[in-house]
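Welcome, and please open the model in your viewer. We will go from the whole chain to a pair of helices, and then to a few single residues.

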Amino acid sequence: MQNKEKEAGREQSRSVSPYRAGFLGRCPKCGEGAFFKPMSLDIRDTCDVCGFDLRAADPGDGAQVFVILIMGAIAALVGFILIGGMHMPPWLAMTIIFALILFGSIWMLRVFKATLVALQFHHDAAEGRLTDGEDKDA
Ligand SMILES: [Zn+2]
């Protein structure tokens, strides 16, 4: 009985696209509730729509790595275009690049963090466990 309820919950969660939920910053289970606390990059404890417990969600440092690599490449490309291609004064180009990095990184962190957690939930990702409950090496 409990397994059927668990399976039903999983089926419902799989109807929500993890990429859509992540991009919009929504709950990975229902796709409706907010994923982040207001004006923050912190994950909520529970979904305010379906009550799904988000405390187990742990994207680690994965989102930061993606954002550093992608924003670094974008900032370098924009710098080459603004200074090398458009001959913009360096102080103005640096101001534009700084704003791009600041706001772009915050936006991308929200998207990547929510998407990684949604993908973990969608694929039932968790630490490995032995099925028979005993450690075979012991
Ligand atoms: Zn929800």
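Two residues are in contact here if their C-beta atoms, placed from the backbone, lie within 7 Å. With that in mind, start with everything selected; this is a predicted model. Among contacts in the protein chain between residues at least 6 apart in sequence, 45% join residues at least 24 apart.

**The whole chain**

Now switch to a cartoon view and follow the chain along its sequence. What pattern does the protein chain follow? Read that way, the pattern is α-α-α-α, with four helices and zero strands in the protein chain. If you colour by burial, 17% of the 138 residues count as buried.

**Helix H3**

Next, select residues 62-85, which form helix H3. Try placing a distance between the C-alpha atoms at the two ends of H3: they are 34 Å apart. Why does that agree with the expected span of H3? At 1.5 Å a residue, its 24 residues should span 34 Å, so the two values agree. Step just past H3 and you reach His87, which takes a positive phi of about 50°.

**H3 with H4**

Keep H3 selected and add helix H4, residues 90-122. Two packed helices are described by the angle between their axes and the distance between the axes. For H3 and H4, the axes come within 9 Å and cross at roughly 155°. Angles over 145 degrees count as roughly antiparallel, so H3 and H4 are roughly antiparallel to each other. Turn the view to look through one helix at the other: H3 passes H4 in a right-handed crossing. By class, the residues in the contact of H3 with H4 are 20 nonpolar, four polar and one charged.

**Two single residues**

Go back along the chain to the loop between helix H2 (18-24) and H3, and select Met39 there. Met39 is not a glycine, yet its phi is positive, at about 50°. Is Met39 buried or exposed? Met39 counts as exposed because it has 6 C-beta neighbours inside 10 Å, and 12 or fewer is the cut-off for that class.

For the last stop, move to the segment after H4 and pick Asp124. Asp124 also has a positive phi although it is not a glycine, here of about 55°. With 9 other C-beta atoms within 10 Å, Asp124 is exposed.

Key:
Residues are numbered from 1 along each chain as its sequence is written. This is a predicted model: local features need pLDDT of at least 70, side-chain atom pairs count only at pLDDT 80 or more; totals for chains, interfaces and linings use all residues. The expected span of a helix is 1.5 Å times one less than its number of residues. A residue is buried if 20 or more other C-beta atoms lie within 10 Å of its own, exposed if 12 or fewer, and partly exposed in between; C-beta atoms are placed from the backbone. Axes are lines fitted to C-alpha atoms, for helices over the stretch in contact, and angles run from 0 to 180 degrees between N-to-C directions. Angles under 35 degrees count as roughly parallel, over 145 as roughly antiparallel, 65 to 115 as roughly perpendicular and the rest as oblique. A crossing is left-handed if the near helix is turned anticlockwise from the far one by less than a right angle, and right-handed if clockwise. Ala, Val, Leu, Ile, Met, Phe, Trp, Tyr, Cys and Pro count as nonpolar, Asp, Glu, Lys and Arg as charged, and the others, Gly among them, as polar.
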